[in-house]
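Please take a moment to look at the sequence and the fold side by side before reading on. The explanation is meant to be followed with both in view.

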Amino acid sequence: MTQPAQLVLIEDEPAIADTLGFALQREGWQVRHFGLAQAGEAYLATHRADLLILDVGLPDDSGFEVLKRLRRSSDMPVLLLTARAEEFDRILGLELGADDYVVKPFSPREVAARVRAILKRSRAASPAPEATVSTAPLSAPIQSLFVHDAAARRVSFCGSALVLTPSEYHLMVSLLTRPGHVLSRAQLLDALGDAAEDSFERTIDSHIKSLRAKLRAVRADLDPIATHRGFGYALAVS
Ligand code: CA
C-alpha cells in the first residue's frame, strides 16, 4: 500500500461534513475539510490532493464556479455533492469537468464507493507526482520567480500555478508589471476594472491579504508584496 489518498472536502453543513469525514477516514483516506469555497480554493492553490469532494451549494460561492476555476489549472478528480436531483445540475457539473456526482441525501458508504472508483480510475491513468515545495535560497530577483501567462490568465509563483480570483489576478499582474513601483489603492482599484466587486479602496486590502496568503503557502519565507503605509503596495525588488 502506498501513501493514503489525500481528499479535500468543501462542504458547509457541519453534520454532513462530520459524518462524511468520519466515513472516508475509516476507509484509510486523509480528509481535509473546509466550510467555505474561498478557504478550500486557497488550500488547493498550493497543495496537492488526490480528489476533491465539492458541495454545489456553498455560502460564499457556487460549487460550479469553484469547479470552473479549478479546471483552468488542474485536472484533479472532483466528486460533486448536489442537493438537487435536477438533470440540469448533473449535466452542468459533468460538462464543467466533474468526474461524478452524488445527490443529497446520500449514504456515506455510497460516497465512499464513488470515491474509491474515481481514485482507482485516476491512479490507473497517471501516477501522482510528488509535491515539491522549494526552500532553496534566492539567487534571483523576486519578480523572476513569477511567470505570467497572459493568454491563459494564469500566474505561477516558484513553479506553482496560483489559483486566483479575477480581482487577485488583476492586482498581481498590476504589481508584476511595475516591480518596485508603489501603486496606490486607487490605482489598483482602477486596474481591477470589471473585476472589481465594489468600489471601495479598502477591498484592495482584503484582496492583497488573500493574495499574500496564497503566495505564502508556496514560499513562507518570502513576502513579495510590500506594504507602503498610507500609499499602497509594490512588488518588492530584492
Ligand atoms: Ca451546502
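The paragraphs below go from the whole chain to its sheets, a metal site and a pair of rings.

The model is a predicted one, and its chain has a secondary structure that comes to eight helices and eleven strands. Of the 238 residues in the chain, 41% count as buried, while the chain exposes about 12700 Å², of which carbon and sulfur atoms supply 53%. If one takes the contacts in the chain with a separation of 6 or more, 61% of them are accounted for by residues 24 or more positions apart.

We can now turn to the sheets. Strands of a sheet pair through backbone hydrogen bonds, and they do so either parallel or antiparallel. One open sheet in this chain has five strands in the order β2-β1-β3-β4-β5, with parallel pairing. Its edge strands are β2, residues 30–34, and β5, residues 100–103, each of which pairs on one side only. On average, and with direction ignored, neighbouring strands of this sheet are turned by 20° against each other. Helix α1, made of residues 14–26, lies across β1 (6–10), β2, β3 (51–55) and β4, and runs at about 165° to β2.

At one end of the strand order, β4, which covers residues 78–82, pairs with β5 in the parallel sense over four bridges, and L81 has V102 as its bridge partner in β5. Strand β4 is also the place of T82. Is T82 buried or exposed? Its relative accessibility is 4%, and because buried means under 20% relative accessible area, T82 counts as buried. Leaving aside its neighbours within four places in sequence, T82 is in contact with V56, D89, Y101, V102, V103 and K104.

Next comes the metal site. Which residues are the protein donors of the calcium ion? They are D12 and D55, each through OD, and G57 through O, and they lie 2.2 to 2.3 Å from the ion. Along the chain, these donors follow the spacing D-x42-D-x1-G. D12 lies in the loop between β1 and α1, whereas D55 lies in strand β3, so the pair ties together parts that are 43 residues apart in sequence. As for their surroundings, D12 is partly exposed, with a relative accessible area of 27%, while D55, at 2% relative accessibility, counts as buried.

A pair of aromatic rings is described by the distance of the centres and the angle of the planes. The structure holds two aromatic pairs. In one of them, the rings of F34 and Y43 have their centres 5.2 Å apart and their planes at 40°, so this pair is tilted. Both F34 and Y43 are buried.

Further along the chain there is an open sheet of three strands, in the order β6-β7-β8, and here the pairing is antiparallel. Strands β6 (146–149) and β8 (160–161) stand at the edges with a single partner strand each, so one side of each is left without a neighbour in the sheet. Strand β7, residues 154–157, is joined to β8 by two bridges, and the two strands run antiparallel; F157 has S160 as its bridge partner in β8. Helix α6, residues 166–177, lies across β6 and β7 and runs at about 115° to β6.

Notes. Residues numbered from 1 in each chain as written. Predicted model: local features only at pLDDT ≥ 70, side-chain atom pairs only at ≥ 80, totals over all residues. Heavy atoms only, no water. Pairing = 2+ DSSP bridges. Axes fitted to C-alpha atoms, helices over the stretch in contact; angles between N-to-C directions. Contact = heavy atoms within 4.5 Å. Phe/Tyr/Trp six-rings, centres within 6.5 Å; stacked < 30°, edge-to-face > 60°. Buried < 20%, exposed > 50% of the residue type's maximum accessible area, 1.4 Å probe, protein only. Areas by Shrake-Rupley, 256 points an atom, 1.4 Å probe, with all protein chains shown as cover. Donors = N, O, S within 2.8 Å, 3.2 Å for Na, K, Ca; no water.
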